[in-house]
Amino acid sequence: MSRHYYIAGNWKMHKTRAESAELAQALVNELKDGKHKYLIAPSFTNIETVSAIIEGTNIRLGAQNCAPEEQGAHTGEVSVLQLKDLGVQTIILGHSERRHVYKEDNALINKKVKLALSKGFEVILCIGELLEEREAGRVEEVCETQTVKGLEGVSIEDLANVIIAYEPVWAIGTGKTATPQDAEAVHAFVRKVITRLYGEEAGKKIIIQYGGSVKPDNAAQLMAMENIDGALVGGASLKTDTFVPIAKFS
C-alpha cells in the first residue's frame, strides 16, 4: 500500500506571532526525525513568521482557508496569490467551523477547492456529519454529498493533490471521539465513494485523515485502522507535549 501517514495541526484562531514562532521552532526540533508527513496551519497573521522557521524542514506550511476569488474587492478575505507568496503549500477547506459557523455551502467550498488546486496547492477537504445527522442515520449520505459536491469538476490529475479529512462534527473539541471502528467505517465508505468517482487506483491512493479530539492516548488505535491515513489535529496541536506524541505515533 503506497499511502503514507499524514499528521496535520490546525491551530485555528490561537497564538500571537511570538507564541507561533516558539511552537513552530519546538516542532522543527522534535519532528526532524519523524517518519510521517507533517503540516501546521497557523492563523493568517502568523503564516509569514512560521514560514521562515519551517522552510526547508520536513514540516509543510498550511493555511486554514482562502477566498473563492483570486483577487479583487473582497474586504477581509485572503487570496491564494497572497498565500502562495508566503510559501503556503496546503489549504484546509470546508472545515466544519467554516460550514456550520460561517455558513459556507458545498458550492462555495467547491469553488475554493478548484481555485486552490489550479494554483498548485495541496488541499485538505474536510467532511463530516453533525450529531443530529448521525442520530438520524444520515452519516453516509452527508459524507457522500460533501465529498461528491466538494470535488465536482476536479480532475483525476488534481485529485492527486487532495486529502480528505473526516471530522465528525460532534467530536470536534468536545472530548468525544468516534471509536476507531466508527471512524474506520466512514473512512472505508468515503474511499468507496472516491473509487466510484475516480476508479480503483485513485481510491487506494487517496489519503483520508481523521479529525475530532485526536489525542496522544487514542492516536495509535485510530491510525491502526486500515483506512485511516493520518490525523487533522485541533486542540492537541497547540502544545508540543500533546502534538508530538500524535505526530510520532508508531
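Which hand does the crossing of H1 and H2 have? Keep that in mind as you select.

First, the ground rules. This is a predicted model, where local features need pLDDT of at least 70, side-chain atom pairs count only at pLDDT 80 or more, and totals for chains, interfaces and linings use all residues. Residues are numbered from 1 along each chain as its sequence is written, and side-chain values use heavy atoms, with hydrogens and water left out.

**Stop 1: H1 and H2**

Select helix H1, residues 17-31. Add helix H2, residues 47-54. Helices (H or I, at least four residues) and strands (E, at least two) are DSSP runs, numbered from the N terminus. H1 and H2 pack at an angle of about 25 degrees, and their axes lie 9 Å apart. That makes H1 roughly parallel to H2. Angles under 35 degrees count as roughly parallel, over 145 as roughly antiparallel, 65 to 115 as roughly perpendicular and the rest as oblique. Axes are lines fitted to C-alpha atoms, for helices over the stretch in contact, and angles run from 0 to 180 degrees between N-to-C directions. The crossing of H1 and H2 is right-handed; that is, the near helix is turned clockwise from the far one by less than a right angle.

Now show the side chains. From H1, Arg17, Ser20, Ala21, Ala24, Gln25 and Val28 make the contact; from H2, Thr49, Val50, Ile53 and Ile54 do. Contact means heavy atoms within 4.5 Å.

**Stop 2: Ser51**

Stay in H2 and pick Ser51. Is Ser51 buried or exposed? Its relative accessibility is 14%, so Ser51 counts as buried (under 20% relative accessible area; exposed is over 50%, partly exposed in between; 1.4 Å probe, protein chains only). Leaving aside neighbours within four places in sequence, Ser51 touches Leu61, Leu86 and Gly87. Try a distance too: the C-alpha atoms of Ser51 and Gly62 are 9.3 Å apart.

**Stop 3: S1 and S2**

Select strand S2, residues 37-41. Four of its five residues are buried, so S2 is largely enclosed by the rest of the structure. Add strand S1, residues 6-10. S1 and S2 pair in the parallel sense over five bridges (pairing needs at least two bridges found by DSSP). Find Ala8: opposite stands Leu39 in S2.

**Stop 4: H7 and H9**

Finish with helix H7, residues 139-150, and helix H9, residues 180-198. Their packing angle is about 40 degrees, with axes 10 Å apart. That makes H7 oblique to H9. H7 passes H9 in a right-handed crossing. Residues in this contact include Cys143 and Thr147 of H7, and Phe189 and Leu197 of H9.
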